[in-house]
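Hi everyone, thanks for making time this morning. I'd like to walk you through one protein, starting in the middle of its sheet and working outwards. Please have a look at the slide.

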Amino acid sequence: MTPQERSQKAHELVAKGAVLLDVRTPEEFLQGHPEVARNIPVQVLAQRLSEVGPVGTSVVVYCAAGGRSAVAAELLRKGGFPDVFDLGSVKNW
């Protein structure tokens, strides 16, 4: 999937109600993020899954380069969020 295709799919999912989740640090988040994004750093995501939404909520997850979003996507799936789209880098938004 090209970055443009990833972006299009992420925008479509968020438009349909998916949560846009930024798993970067708060400092990175403050440097710039999509307006609708929520910030829960990957390091604390397992303890804060309830903040994502009810179990089963659709989620689009991203980070700076893609490594942390992949870890977060797996945490989300294990935590009861089967519909997770890993956008990879915030630059793909």
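Let's start with one pair: Val60 stands opposite Phe85 in β4. Before I go on, a word on the source: this is a predicted model, in which local features need pLDDT of at least 70 and side-chain atom pairs count only at pLDDT 80 or more, while totals for chains, interfaces and linings use all residues. Residues are numbered from 1 along each chain as its sequence is written, and side-chain values use heavy atoms, with hydrogens and water left out.

Back to that pair. β3 and β4 run parallel and are joined by five bridges. When I say strands pair, I mean that DSSP finds at least two bridges between them. Strands and helices themselves are DSSP runs, numbered from the N terminus: E over at least two residues for a strand, H or I over at least four for a helix.

So how well covered is β3? Five of its five residues are buried, and by buried I mean under 20% relative accessible area, with exposed being over 50% and partly exposed in between (1.4 Å probe, protein chains only). In a regular strand the side chains alternate between the two faces of the sheet. In β3, Val59, Val61 and Cys63 are on one side, Val60 and Tyr62 are on the other, and both faces are covered.

Now step across to β1, residues 19-22. This strand pairs with β3, residues 59-63, in the parallel sense over four bridges. Leu21 is opposite Val61, and Asp22 has Tyr62 as its bridge partner in β3. β1 is covered on both faces too: Val19 and Leu21 on one side, and Leu20 and Asp22 on the other, are all buried.

What does β1 pair with over two bridges? That is β2, residues 38-39, again in the parallel sense. Here Leu21 has Arg38 as its bridge partner, and Asp22 has Asn39.

Put these together and you get an open sheet of four strands, in the order β2-β1-β3-β4, with parallel pairing. β2 and β4 stand at the edges with a single partner strand each, so one side of each is left without a neighbour in the sheet.

Let me stay with β4 for a moment, which covers residues 84-89 and includes Ser89. Is Ser89 buried or exposed? Ser89 counts as buried because its relative accessibility is 10%. Leaving out residues up to four places away in sequence, Ser89 touches Tyr62, Cys63, Ala64, Ala65 and Gly66, where a contact means heavy atoms within 4.5 Å.

Now let's zoom out. The protein has three helices and four strands, and from the N terminus on the elements run α-β-α-β-β-α-β. Of the contacts between residues at least 6 apart in sequence, 62% join residues at least 24 apart.

What about overall size? The C-alpha trace spans about 30 × 30 × 20 Å along its principal axes. The radius of gyration is 12 Å, which agrees with the value near 12 Å for a compact globule of 93 residues; this radius is taken over C-alpha atoms, and the globule rule is 2.2 Å times the number of residues to the power 0.38.

One last number: of the 93 residues, 44% count as buried. Thanks for listening, and I'm happy to take questions.
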